[in-house]
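Got your viewer ready? Open the model, keep the selection box handy, and we'll go from stop to stop.

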Amino acid sequence: MKVLGIESSCDETSASVVCDGSEPNNRILSNVINSQIQLHAKYGGVIPEYAARSHVDAIDRVINAALEKANTTLNEIDAIAATTGPGLIGGLLVGAVCAKTIAVVKNKPFMAINHLEGHLLTSRLCYDVSFPFLLLLTSGGHFIFAEVLGIGNYRILGETLDDAAGECFDKVAKMLGFEYPGGPAIQKYAEFGNPDRFQFTIPLQKRAGCDASFSGIKTAAKLHIESIKDITDQDKCDIAASFQKTVVKFITKQIKKAYDMTTSNPKSVVVAGGVAANLALRESLLAFSEKHNLQFFAPPLNLCSDNAAMISWTAIERIKAGYPFSDLNSKTRPRWPITEI
Ligand code: KG4
Ligand code: ZN
C-alpha cells in the first residue's frame, strides 16, 4: 500500500509518499517540505493569512516533487490523506481541498488525519514500538501526557494549563531577540551559557497529577531579562541555558508523575512534536526511561517538526486497524483533541 499525504496546518507545506513495508527504514519514499520560515521570520511568528497564501502557491509543486521523488504517479497511489485539524484554518483548507480534489479526479479513497495523531505515531513509522506506551506530545501549540493504548485509543493523563512548551520557547527567544523559530535558537545559545546563573522556580510541585504550566517560567525569564541594564550576548546565553534547564527539569518531573498515573503497564516512553527535537530534553527523558527500565523512542530530528510523512503513515496505520475512509464532506477542524478522533 502506498499513501500520498499532505500537511499544511501551520507553516510548512509538505507532501509525502509512504508505503507499509515491514522494514521501518524503507517506508518513506519521499517527504518534501517547503518551509515558510523566511516568510514569517521578520514578524517573529506565523501570520495565518500569509501562511495560507504560501500554501496555495507551493502545494502543487510540493505534491509533484513528492510523487517524482518516490518515482510514482497518482495512478499508483492507494489513498490520499491530508491533515484536517487541528491547526490554522486557511492552511488546513488548502491541504484538505487539494487532497479531496485529487481523490475525486483519480477515484481514490480520502483519509482525514489529525495532526497530533500524526506526531504521536511518528515513532512507529521509524521504529518497532508496540502499544501501550507513555507519550509526551510537545509542540508549538500542544503539551500532552497520554497513555497510548492503540490506534485511536488515547487516554490523556495531563496537559498544559496555559502555554505549550514550544510556545514558551518561542516567546522567550523573541524577548531575547533571537531568530524565529525560537526553540532551535534557545538550544543553540544555551550551549554557550551557564545554566546555573539564573534561578527559576519549578511550577506546580504541590499540585497532584501531571498537568503542566509554562507561563510562570516565561514571566520569570522576562523579569531576569529586564533586571539586566545593558544586556550582553553572554547574559542572553546564560538566560537561555538557565531557562532550558528549568523547562527540561520540570518536564522530567512531570513525566514521572504521568508514568505513575498509567494503568496499562507501558514498556516504553515516546516523545513527539517539534520540541522533541530539543537535545537536552531527549537526554533527560532517556535518563528517566533507563532509570525506570523503559525503552525510549524519539523520532529522527527531521521528523519531529511538521511533515507529511507522519500524515501518510497515520493513514496507513488507520487503514490497517480497520478504520473507514473519510467522507469527502468531512470538515476541517481548527480545534480537534486527540480524544475526539
Ligand atoms: O510540531 P511543530 O513543528 O509545529 C506544531 O505543530 O506546533 O512544533 C514547533 C515548535 C516550535 O514552538 C519550535 O520552537 C519548537 O517546536 N522547537 C523546539 C526545537 N525545535 C523546534 N523547541 C525546543 N528545542 C528545539 N530544538
Ligand atoms: Zn506539529
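In which loop is the place of N71? Select N71 and you'll land in the loop between α2 (48-69) and β4; helices here are DSSP runs of H or I with at least four residues, strands are runs of E with at least two, and both are numbered from the N terminus. N71 has a positive phi of about 55 degrees, although it is not a glycine. N71 counts as exposed because its relative accessible area is 69%; the cut-offs are under 20% for buried, over 50% for exposed and partly exposed in between, with a 1.4 Å probe and protein chains only.

A word on the ground rules before moving on. This is a predicted model, in which local features need pLDDT of at least 70 and side-chain atom pairs count only at pLDDT 80 or more, while totals for chains, interfaces and linings use all residues. Residues are numbered from 1 along each chain as its sequence is written, chains are lettered from A and ligands numbered from 1 in the order in which they are written, and side-chain values use heavy atoms, with hydrogens and water left out.

**Zoom out**

Show the whole protein as a cartoon: there are 10 helices and 10 strands to find. The radius of gyration is 20 Å, close to the 20 Å that the globule rule gives for 341 residues, so the protein is as compact as a globular protein of that length. That radius is taken over C-alpha atoms, and the rule is 2.2 Å times the number of residues to the power 0.38. Along the principal axes, the C-alpha trace spans about 65 × 45 × 30 Å. Colour by burial and 55% of the 341 residues count as buried.

**The zinc ion**

Now select ligand 2. Which residues coordinate this zinc ion? Pick H115 (NE2), H119 (NE2) and D306 (OD), at 2.1 Å. Donors are N, O and S atoms within 2.8 Å of the metal (3.2 Å for Na, K and Ca), and as water is not among the atoms, sites may look incomplete. Along the chain, the donors follow the spacing H-x3-H-x186-D. H115 and D306 link distant parts of the chain, 191 residues apart: H115 is in helix α4, and D306 is in the loop between β10 (295-297) and α10 (309-320). Both H115 and D306 are buried.

**Ligand 1**

Next, select ligand 1 and expand by 4 Å, since a residue is near a molecule or strand if one of its heavy atoms lies within 4 Å of it. You should pick up 18 residues, of which G140, D170, G183, G274 and N278 come nearest. By class, this shell has 4 nonpolar, 12 polar and 2 charged residues. Ala, Val, Leu, Ile, Met, Phe, Trp, Tyr, Cys and Pro count as nonpolar, Asp, Glu, Lys and Arg as charged, and the others, Gly among them, as polar. Helices α4 (115-126), α5 (165-175) and α6 (182-190) each supply at least two shell residues.

Now turn on distances. An oxygen atom of ligand 1 is 2.8 Å from a polar backbone atom of G140. For G166, the distance from a polar backbone atom to a ligand 1 oxygen is 3.1 Å. A backbone N or O atom of G274 lies 3.0 Å from an oxygen atom of ligand 1. On its own, ligand 1 has 550 Å² of accessible area, and the protein covers 87% of that.

**Backbone oddities**

Where are the cis peptide bonds to inspect? One runs from G85 to P86, with omega near -15 degrees; P86 is in the loop between β4 (79-85) and α3 (89-106). Another runs from Y180 to P181, with omega near -5 degrees, and P181 is in the loop between α5 and α6.

Then jump to N293, in the loop between α9 and β10. N293 has a positive phi of about 60 degrees, although it is not a glycine. N293 is exposed, with a relative accessible area of 74%.

**Three helix stops**

S312 is in helix α10. Is S312 buried or exposed? S312 counts as buried because its relative accessibility is 0%. Draw a C-alpha to C-alpha distance to T83: 9.5 Å, with the two positions 229 residues apart in sequence terms. E283 is in helix α9 (residues 279-291), and E283 counts as exposed, at 60% relative accessibility.

Finish on T246, in helix α8 (residues 233-261). T246 is buried, with a relative accessible area of 7%. The C-alpha atoms of T246 and T232, 14 residues apart along the chain, are separated by 21 Å.

Conventions:
Polar contact = N/O pair within 3.5 Å; in protein donor to acceptor, adjacent residues only side chain to side chain. Areas by Shrake-Rupley, 256 points an atom, 1.4 Å probe, with all protein chains shown as cover.
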